[in-house]
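Please look over the sequence and the model below before reading on. The paragraphs that follow start at one backbone feature and work inwards from there.

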Amino acid sequence: MKIDVVLPCLDEEAALPWVLGRMPDGYRPIVVDNGSTDDSVNIATRLGARVVVEPHRGFGAACHAGLLAATSDIVAFMDADASLDPLRLPEIAAPVLSGDSDLVLARRVPQAGAWPLHAKLGNAVLARRLRRRTGAQLHDLGPMRACRRASLIGLDLQDRRFGYPLEMVLRAAAAGWRITEVDVDYLHRTGRSKVTGTMRGTLRAVSDMRRVMAEIREPA
């Protein structure tokens, strides 16, 4: 079975060779360029990835464009910044392939210094709220994940900013999906993060996620 892997991309020319070079057999990278000003598009194309250009800026916009471009039964998502190893993708997809889970998230186990403290603490608070709200035993809102493509499209996700990964989990839980985690190493990313690398980026992501939490009501 082939599995499409959606990689939102914004100026990741330094990381893409490592990421695409470690893509497992059977996993087809879809690099969704979201306004890069570096050589990301040319590098991704040269290395054999399918490139989709999404002109509407936003992490969720890039993810959703990749989802709609995918054709495989199961679709995976991951960052293109080399903070997560593509060789771990089969472990993430396996519970979906076997029918034991509907949505699998990678729980990041960070190398020393790979995860800024402010971002790690914010993620822990969010995960605790998700456990209370969804009942799923989640400890991380990790960007590496896998599920069935048609089912995810059916959730009709609306956020096109940093709230997209959170909305996916909330709507999946509301739909009765089985949501599980798999531990993976969290590496030092290549280049500076647009989110966790700055306090401004982190606050923007937190704002988006708070909005999504408020907009999606808890089941009665």
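In this predicted model, a useful place to begin is Gly176, which adopts a positive phi of about 85 degrees just after helix 7. The helix itself spans residues 164-174, and because 8 of its 11 residues are buried, helix 7 is largely enclosed by the rest of the structure. The buried positions are Tyr164, Pro165, Leu166, Glu167, Met168, Val169, Leu170 and Ala172.

Among these buried residues is Glu167, whose relative accessible area is 2%. The side chain of Glu167 reaches the backbone nitrogen of Gln158 at 2.9 Å. If neighbours within four places in sequence are left aside, Glu167 is in contact with Asp156, Leu157, Gln158 and Asp159, and also with Val212 and Ile216.

From the helix one can turn to the largest nonpolar core, which has 35 residues and in which Leu103, Leu130, Leu152, Leu166 and Ile179 have the most contacts. Several elements each supply at least two residues of this core, including strand 2 (27-33), strand 5 (103-110), helix 5 (117-134) and helix 8 (199-215), while the largest share, 6 residues, comes from helix 7. Leu103 connects these themes: beyond its neighbours within four places in sequence, Leu103 is in contact with Met168, Val169 and Ala172, and its other contacts include Trp177, Arg178, Ile179 and Thr180. A second core of 31 residues, separate from this one, includes Ala80, Ala82, Leu84 and Val96.

Technical notes. Residues numbered from 1 in each chain as written. Predicted model: local features only at pLDDT ≥ 70, side-chain atom pairs only at ≥ 80, totals over all residues. Heavy atoms only, no water. Helix = DSSP H or I, 4+ residues; strand = E, 2+ residues; numbered from the N terminus. Buried < 20%, exposed > 50% of the residue type's maximum accessible area, 1.4 Å probe, protein only. Polar contact = N/O pair within 3.5 Å; in protein donor to acceptor, adjacent residues only side chain to side chain. Contact = heavy atoms within 4.5 Å. Core = buried A, V, L, I, M, F, W, Y, C linked by side-chain atoms within 4.5 Å.
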